[in-house]
Amino acid sequence: MTATFAVVVAVATVGVSTLAWGTVGISRLLAEFRIASPWGAPSMFYRSDEVAVLIAAHNEELVIAEAVGAARRLVPPGNVFVVSDGSSDDTVGRARRAGATAVDLVPNRGKAGAIRAGLERFGIAARFPLLLLLDADSRPRPDYLRTALPLFTDDGVVAVAGRATTAADTPRTVVGRVLTAYRERTYVCTQYLHKFGQAARGADAVAIVPGFASLYRTDVLDRIDIDAPGLSIEDFNMTFEVHAKRLGRIAFHPDCAVAETQDPATLRDYTAQVRRWSLGFWQTVRRHGVRYGLFWASVGVFAIETVVSSLVLAAALPVLLVAGLAAVAAAVVTGPAAQTAAALSAALPVGPLALAFLLVDALMTVFACALSRTRPRVWMLLFPLLRVWDALLCLRALVSAWGRPSDGRWRSPDRRPAAVAPAAGGADAVASASVSAPRRESRRRTSAAPSPGAITASPLRAAARRGGRAR
């Protein structure tokens with residue numbers, strides 16, 4: 001019985017999907033090592049001046065200028081567009097002063113509605129072959145396009161999922177540091193142990209192209225129901241639409257299309273964000289229903305596992321509390337009550353349960369710290385409490401998803417102001433890495449592979465240098 005409880009808690013902490021897709025990811029990584037030198041073959045990719053950047057923002061005056069500046073370091077100034085979704089602050093003014101083409105959308109329609117309005121208002125699909133959807137708190141790294149564009153070498157790829165990482169501007173409060181470190185661990189574990197395997201060529205089961213900083217081919221956007229009614233967020237639904245309508249593959253590599261994002265630094269904002277994300281997932285699952293195929297089977301397994309895991313995690317603390325009280329009672333009281341307490345303590349031993357719950361969680365922290373090259377901290381032992389909180393929010397969202405539909409409008413977390421870096425010169429520098437000659441379509445280009453100095457060498461980044469051949 002003891003071993004059974006411990007195994008259940010351990011599996012719930014890790015997840016069956018994590019084990020399955022993590023194994024696929026390892027196989028993919030080993031396959032990439034067997035492929036010939038990444039410098040041998042040319043790669044097909046777009047130029048940076050063929051990418052439009054669209055930022056949907058709501059009351060983001062503290063960070064919008066930096067987001068625009070980061071975008072302008074990737075593409076020409078005329079390619080950056082901002083839709084202020086009914087903001088009551090100076091979002092539009094600051095976006096324009098930073099060099100973006102910006103409009104104010106009144107009344108606000110929610111993020112999905114703002115994206116749709118921006119596509120129509122600026123004629124993006126007719127003017128640009130690629131669209132980078134960027135959140136106002138996101139900051140694409142300087143090599144974002146240099147690593148992402150080669151993934152479109154495969155004509156079947158219609159979207160590149162960006163990799164999220166927590167911004168370096170660490171919050172001043174202890175709570176803020178704990179929350180952002182925990183979110184970074186979530187990013188690392190989800191993207192390396194799930195998405196990397198899901199994006200393998202034979203799988204094509206990526207569950208989400210995150211709207212914080214991801215690329216789409218614009219020729220498929222008119223077939224995606226971006227602002228489907230009743231949903232709290234758009235990115236899960238857009239991803240499910242790609243799979244449901246068989247529009248093409250979704251590419252992802254942890255060394256490509258990396259962007260930093262400013263995560264919530266207060267428990268209130270963190271709770272609101274997680275609840276909204278969870279609600280959006282369950283609403284999307286409800287909207288699309290059950291279908292055939294590997295992607296849908298993966299989503300189904302993940303959904304069932306998420307419910308079971310959330311129930312186990314939600315019950316973990318009460319079970320540990322009862323087990324602890326039973327152990328104390330067995331040592332203190334006498335008579336029949338002592339026998340009952342001893343039996344309960346034997347059935348629910350505190351040690352093995354706590355060890356299964358905490359040890360596996362600690363291993364996840366060590367794994368994330370190793371990949372993100374950060375030092376484990378003692379306060380990271382609080383992460384299991386946040387996992388329990390996530391589980392409770394997930395279960396609440398599951399119930400809410402079958403209730404009143406959402407209107408898509410949102411409130412951004414409290415932002416931390418940041419300085420705006422100069423935007424000049426970045427687009428030209430990126431464009432110089434992708435000068436090319438015409439091929440088949442006027443919008444597609446041929447170019448030699450990047451020089452060895454263009455991209456820092458690493459096992460995972462090798463796939464990006466191969467132009468996506470090993471995805």
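A polar contact is a pair of N or O atoms within 3.5 Å, of which, within protein, one must be able to donate a hydrogen and the other to accept it. The legends below describe a predicted model.

**Figure 1. Surroundings of glutamine 262 in the predicted model.** Glutamine 262 lies in the loop that links strand 11 (258-261) to helix 10 (267-288). Its side chain forms a polar contact of 3.1 Å with the side chain of aspartate 169. Because its relative accessibility is 2%, glutamine 262 is classed as buried, the limit for that class being under 20%. Beyond residues up to four places away in sequence, glutamine 262 touches Val63, Asp137, Arg139, Ala167, Asp169, Asp414, Arg415 and Arg416.

**Figure 2. The open sheet formed by strands 6, 11 and 8.** Three strands are arranged in the order 6-11-8, with mixed pairing. Strand 6 (138-140) and strand 8 (163-166) occupy the edges; each has a single partner strand, so one side of each has no neighbour in the sheet. On average, neighbouring strands of this sheet are turned by 35° against each other, direction ignored. Strands 6 and 11 run antiparallel and are joined by three bridges. Within this arrangement, serine 138 is positioned opposite threonine 261 of strand 11. Helix 8 (residues 174-198) packs on the sheet, where it touches strand 8 and strand 11. The direction of helix 8 makes about 160° with that of strand 8.

**Figure 3. The largest nonpolar core.** This core comprises 42 residues, and those with the most contacts inside it are Ile55, Val68, Tyr144, Val160 and Leu215. Both helices and strands give two or more residues to the core, including strand 2 (51-57), helix 4 (91-97), strand 5 (130-135), helix 7 (144-148) and strand 9 (213-217). Helix 3 gives the most, with five residues.

**Figure 4. Contacts of leucine 215, and a separate core.** With neighbours within four places in sequence set aside, leucine 215 is in contact with Val51, Leu131, Leu132, Tyr144, Leu145, Ala148, Phe152, Val158, Ala159 and Val160. Another core, of 33 residues, lies apart from the largest one. Among its members are Leu54, Ala114, Leu221 and Leu247.

**Figure 5. Overview of the protein chain.** The chain contains 16 helices and 13 strands. Of its 471 residues, 55% are buried. Among contacts with a separation of 6 or more, 82% are between residues 24 or more positions apart. The exposed area is about 20100 Å², of which carbon and sulfur atoms supply 64%.

How values were computed
Residues are numbered from 1 along each chain as its sequence is written. This is a predicted model: local features need pLDDT of at least 70, side-chain atom pairs count only at pLDDT 80 or more; totals for chains, interfaces and linings use all residues. Side-chain values use heavy atoms; hydrogens and water are left out. Helices (H or I, at least four residues) and strands (E, at least two) are DSSP runs, numbered from the N terminus. Buried means under 20% relative accessible area, exposed over 50%, partly exposed in between (1.4 Å probe, protein chains only). Contact means heavy atoms within 4.5 Å. Accessible areas come from the Shrake-Rupley method with a 1.4 Å probe; for residues, only the protein chains shown count as cover. Two strands pair if DSSP finds at least two bridges between them. Axes are lines fitted to C-alpha atoms, for helices over the stretch in contact, and angles run from 0 to 180 degrees between N-to-C directions. A nonpolar core is a set of buried Ala, Val, Leu, Ile, Met, Phe, Trp, Tyr and Cys residues joined through side-chain atoms within 4.5 Å.
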